[in-house]
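Q: Please take a close look at a single part of this model, following one residue and its surroundings outward into the rest of the fold. A connected account would be preferred to a list.

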Amino acid sequence: INAAPSSVPVAIISHGYGASRKDFADIAQHFASYGLVVALPEHIGSDTALQQAVLKGEASETLIPREFVDRPLDVSFLLDELERLNQSEWQERLNLQHVAMLGHSFGGYTALVVGGATADFANLHRHCDQDSFLANLDPALPFQCRALALESSPEIVQKLTQGLQDPRVSLVIAANPVSSTILGPQGLSKIQVPVVMIGSGYDVAAPFLPEQAYPFTWLTAPEKYLILVKGGSHIPQLTAAI
């Protein structure tokens, strides 16, 4: 970094549930080849380690509801640390006022929240208090309904409904996000930075229509883009198997 030009652009990549920052090393290297500094947080509590612990019987909770708030906070903590290092070691070379935030699946939710989206618990109740997920054929709905467990912690609900936007994020790229119910039209309309939403034609975990196409129409950001990956699935391994 010491030999890099001033105002080096920064991107953050947030992995999905049961995944790891290592899964996105190739994408990070690709962005870095264009001169970006890329940071990849490990979201402890919804990463590969938790998934493996569940499979081994060492953990009982497949999804810790608090991750809905902890993940966005992870990103802001990471940006705070980068600012500290930028001042103490890197001679202010990083441009941390206009950060690109990328996320996949649960990381897509994370990116949208850091970009300004807020949680809508009333919308969660409308869809989760009945078997509507069977009618909607959206496997991502029960995952999002787990956030209702947070209602036992009013302070967490307040944080999510008021928003956890980080003003340093000026671009959101959400790939295969799970967000339609927990954020809903009201929450997604709060994002006012440019948004790129990406979906896959054969995504059985977060189907394109309910989880990306409809949510895209709820965005009111002045600049927004929707990308459909034909023949793609939720993760590369499933795409290769199609």
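A: Setting aside neighbours within four places in sequence, Ile198 is in contact with Ile173, Ala174, Ala175, Asn176, Pro177, Gln212, Ile227 and Val229. The model is a predicted one, and Ile198 lies in its strand β5. The account below starts from this strand and moves outward to its partners, the loops and the helices.

One of the contacts of Ile198 deserves separate mention. Asn176 and Ile198 are separated by 22 residues in sequence, yet their C-alpha atoms are 5.8 Å apart in space. Asn176 belongs to the loop between β4 and α9. Its phi is near 50 degrees, which is a positive value in a residue other than glycine. Asn176 counts as buried because its relative accessibility is 5%, the cut-off for that class being under 20%.

Ser179 is found in the loop between β4 and α9 (184-188). Ser179 is buried, with a relative accessible area of 0%. Outside its neighbours within four places in sequence, Ser179 is in contact with Leu112, Gln144, Gly184 and Glu211.

The strands on either side of β5 come next. Strand β4 (residues 169-175) runs parallel to strand β5 (residues 195-200), and 4 bridges join them. Within this pairing, Ala174 has Met197 of β5 as its bridge partner. β5 is also joined to β6 by 6 bridges, and these two strands run parallel. Here Met197 appears again, with Leu226 of β6 as its bridge partner. Met197 thus has bridge partners in two strands, Ala174 and Leu226. The connection from β5 to β6 involves helix α10 (residues 208-218), and the three elements make a right-handed β-α-β unit. Gln212, one of the contacts of Ile198, falls within the residue range of α10, while Ile227 and Val229, also among those contacts, fall within that of β6 (224-229).

These strands are part of a wider arrangement. The sheet is open, has 6 strands in the order β2-β1-β3-β4-β5-β6, and shows parallel pairing. Its edge strands are β2 (37-39) and β6 (224-229), each of which pairs on one side only. From one strand to the next, the twist averages 20 degrees. In a regular strand, side chains alternate between the two faces of the sheet.

Elsewhere in the sheet, strand β1 (residues 8-14) has 6 of its 7 residues buried, so it is largely enclosed by the rest of the structure. β1 pairs with β3 in the parallel sense over 6 bridges, and the bridge partner of Ile13 in β3 is Leu102. β1 is also joined to β2 by 3 bridges, again with the strands running parallel; in β2, Val37 is the bridge partner of Val10. The chain passes from β1 through helix α1 (residues 25-32) to β2, and this β-α-β crossover is right-handed.

Beyond β3, the chain reaches another residue with an unusual backbone feature to record. Ser105 is found in the loop between β3 (94-104) and α4. Although Ser105 is not a glycine, it has a positive phi of about 60 degrees. With a relative accessibility of 10%, Ser105 counts as buried.

The helix that follows this loop takes part in a helix-helix contact. Two packed helices are described by the angle between their axes and the distance between the axes. Helix α3 (residues 67-88) and helix α4 (residues 106-114) pack at an angle of about 65 degrees, and their axes are 9 Å apart. The crossing of α3 past α4 is right-handed. On the α3 side, the residues in contact are Glu67, Phe68, Arg71, Pro72 and Val75, which meet Phe106, Gly107, Tyr109, Thr110, Val113 and Val114 of α4. By class, this contact comprises 7 nonpolar, 2 polar and 2 charged residues. Leu112, which is in contact with Ser179, also falls within the residue range of α4.

Some totals place these details in the chain as a whole. The secondary structure of the protein chain comes to 11 helices and 6 strands. Of its 242 residues, 50% count as buried. Among contacts between residues at least 6 apart in sequence, 76% join residues at least 24 apart.

Terms used: Residues are numbered from 1 along each chain as its sequence is written. This is a predicted model: local features need pLDDT of at least 70, side-chain atom pairs count only at pLDDT 80 or more; totals for chains, interfaces and linings use all residues. Side-chain values use heavy atoms; hydrogens and water are left out. Axes are lines fitted to C-alpha atoms, for helices over the stretch in contact, and angles run from 0 to 180 degrees between N-to-C directions. A crossing is left-handed if the near helix is turned anticlockwise from the far one by less than a right angle, and right-handed if clockwise. Contact means heavy atoms within 4.5 Å. Ala, Val, Leu, Ile, Met, Phe, Trp, Tyr, Cys and Pro count as nonpolar, Asp, Glu, Lys and Arg as charged, and the others, Gly among them, as polar. Two strands pair if DSSP finds at least two bridges between them. Buried means under 20% relative accessible area, exposed over 50%, partly exposed in between (1.4 Å probe, protein chains only). A crossover is right-handed if, with the strands pointing away from the viewer, the path from the first strand over the helix to the second runs clockwise.
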